[in-house]
Amino acid sequence: MTALDPTEMTPIVNRIKRAQGQLAGVLRMLEAGRDCEDVVTQLAAVSRALDRAGFAIVASGLRQCIVQGDGPDSIDTKKMEKLFLSLA
């Protein structure tokens, strides 16, 4: 796989930073003894945000492999499958 393009990563970095803020909020909720349902709802939102960031990173890497490589035949499909499944 090729290295990730930092300019394409800006929205993903922003998404991860938002998730980091959400996770800090979850910690504050736990420390304050907030309702279980509220905590789990926020934790699920953090999880979804991180999953979406991961899928965006894999998709960006795949796109770069196709554009910069020798076409679809140059992609290590087993490696890409493993990356996708690691997020599932």
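**Exercise 1.** Determine which residues valine 39 contacts, leaving aside its neighbours within four places in sequence.

*Solution.* Contact requires heavy atoms within 4.5 Å. By this criterion, valine 39 meets Val26, Met29, Leu30 and Arg34. The model is predicted: local features need pLDDT (the predictor's confidence in each residue, from 0 to 100) of at least 70, side-chain atom pairs count only at pLDDT 80 or more, and totals for chains, interfaces and linings use all residues. Residues are numbered from 1 along each chain as its sequence is written, and side-chain values use heavy atoms, leaving out hydrogens and water.

**Exercise 2.** Identify the members of the largest nonpolar core.

*Solution.* Such a core is a set of buried (under 20% relative accessible area, 1.4 Å probe, protein chains only) Ala, Val, Leu, Ile, Met, Phe, Trp, Tyr and Cys residues joined through side-chain atoms within 4.5 Å. Six residues qualify: Ala19, Val26, Met29, Val39, Val46 and Ala49. The elements giving two or more residues to this core are α1 and α2 (36–68); helices are DSSP runs (H or I, at least four residues), numbered from the N terminus.

**Exercise 3.** Establish whether serine 60 is buried or exposed, and which side chain it joins by a polar contact.

*Solution.* First, serine 60 lies in helix α2. Next, serine 60 counts as buried because its relative accessibility is 2%. Finally, a polar contact (a pair of N or O atoms within 3.5 Å; within protein, one able to donate a hydrogen and the other to accept it, with residues adjacent in sequence counted only if both atoms are side-chain atoms) of 2.7 Å links its side chain to that of glutamate 8.

Key: Buried means under 20% relative accessible area, exposed over 50%, partly exposed in between (1.4 Å probe, protein chains only).
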